[in-house]
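User: Hi! Could you walk me through this structure, one question at a time?

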Amino acid sequence: MANSDMTEIQAQIDLLEQNLKQWAVEYYENDAPSVEDSLYDQTYEELTQLANTYPDLISTDSITKQIGGAVTKSNLPEVTHEVPMLSLGDVFSISALAEWMETTQANFDRALVYNAELKIDGLAISLEYLNGELVRASTRGDGRVGEDVTANVKQIADIPKKLTEPVTFEVRGEVYMPKASFAELNEQRDRDGLPSFANPRNAAAGSLRQLDANITKERKLAAFFYQVVDAERTLGVSTQAELLIRLAELGLPSNQLNRELQTIVDIEEYISQQTTSRDELAYGIDGIVIKVNTLADHEELGNTVKVPRWAIAYKFPPEEAETIVLDIEWTV
Ligand code: NAD
């Protein structure tokens, strides 16, 4: 390729990086996005495609290699995650999902089972329990360093300070703001002459990342949990579906609309059902997460620097008709 073409591609990559980094700061650090998630996702996808074609043009500090946002701007104490809190890879069509399943299946000579779960639209949280007592809660931050939000999390009614059994483990999930709390909060802010939150996800993040835990208490947040560090050893479970049941037994809210499924046809049907009924849920979801069900397989598949290879998020298409600038296809 001619040098001038390469220069043009580099300029295009730089522009995409610059836009995405600015949007990421607004979203993760300020809890105030200026663009729709769908535009962020489309731009990210465009950059990913360029990164796959021209890996040498991608810098080491590319957004494609980073998780979430920096915690430096927050006044909350820092927490280092011994096991990094990762993001999720995403797909926007059933054909891309089928491709991911085929690639994943190719690592095994037995047919894989998947656990399909709702993708809760909130912010990731990690809780540490010592002999059943909640001792620390932290946000994901940049995946390696998050913020200590223990006092705030203790104000969330849904989250037990004491489990039903004296277990010692780290559990991860999503803190979210129920749709009703979000509507109520924005009405109140409107009356008070304060700016509205853009969406429940940002309202949840803004309500949790507070120095005053009383604010978190007023905001009526809730949570779902879906992951445990070293779950086979700490909880004695061997599949993702069992893990969700076990968490509920311990008193931790886990979403029970998951299904153990095997084929792309069944997964497509599940996605279609959940897409149809999502408006009836009391909380927002922005996709479906498909996970390899057997936990031992997770170790075998491992992670990239940013995402696990044993899970993928199927993202819902944008709710309102928006101008789609890129060639991304959303099909159910
Ligand atoms: P993500 O939200 O797409 O997916 C990863 C996260 O999903 C996990 O970290 C976890 O917190 C969450 N999750 C919810 N339910 C889950 C379940 N059942 N199992 C496992 N994980 C579950 O990735 P991200 O890195 O947190 O954020 C990237 C996304 O954020 C983008 O795709 C975009 O939609 C949005 N974003 C928007 C802007 C903007 O300006 N609008 C900017 C940055 C990011």
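User: How far is an oxygen atom of the ligand from a polar backbone atom of Leu86?

Analyst: Happy to help! This is a predicted model, where local features need pLDDT of at least 70, side-chain atom pairs count only at pLDDT 80 or more, and totals for chains, interfaces and linings use all residues. Residues are numbered from 1 along each chain as its sequence is written, and side-chain values use heavy atoms, leaving out hydrogens and water. A polar contact is a pair of N or O atoms within 3.5 Å. For Leu86 and the ligand, the distance is 3.4 Å.

User: What share of the ligand does the protein bury?

Analyst: Accessible areas come from the Shrake-Rupley method with a 1.4 Å probe. Taken alone, the ligand exposes 820 Å². Of that, the protein buries 92%.

User: Which strand gives the most residues to the shell around the ligand?

Analyst: A residue is near the ligand if one of its heavy atoms lies within 4 Å of it, and 23 residues surround the ligand. Strands are DSSP runs of E, at least two residues long, and helices are runs of H or I, at least four, numbered from the N terminus. With 4 residues, the one that gives the most is β3.

User: Is Thr104 buried or exposed?

Analyst: Thr104 lies in helix α3, residues 94-105. Buried means under 20% relative accessible area, exposed over 50%, and partly exposed in between, using a 1.4 Å probe and protein chains only. At 4%, Thr104 is buried.

Key: Polar contact = N/O pair within 3.5 Å; in protein donor to acceptor, adjacent residues only side chain to side chain.
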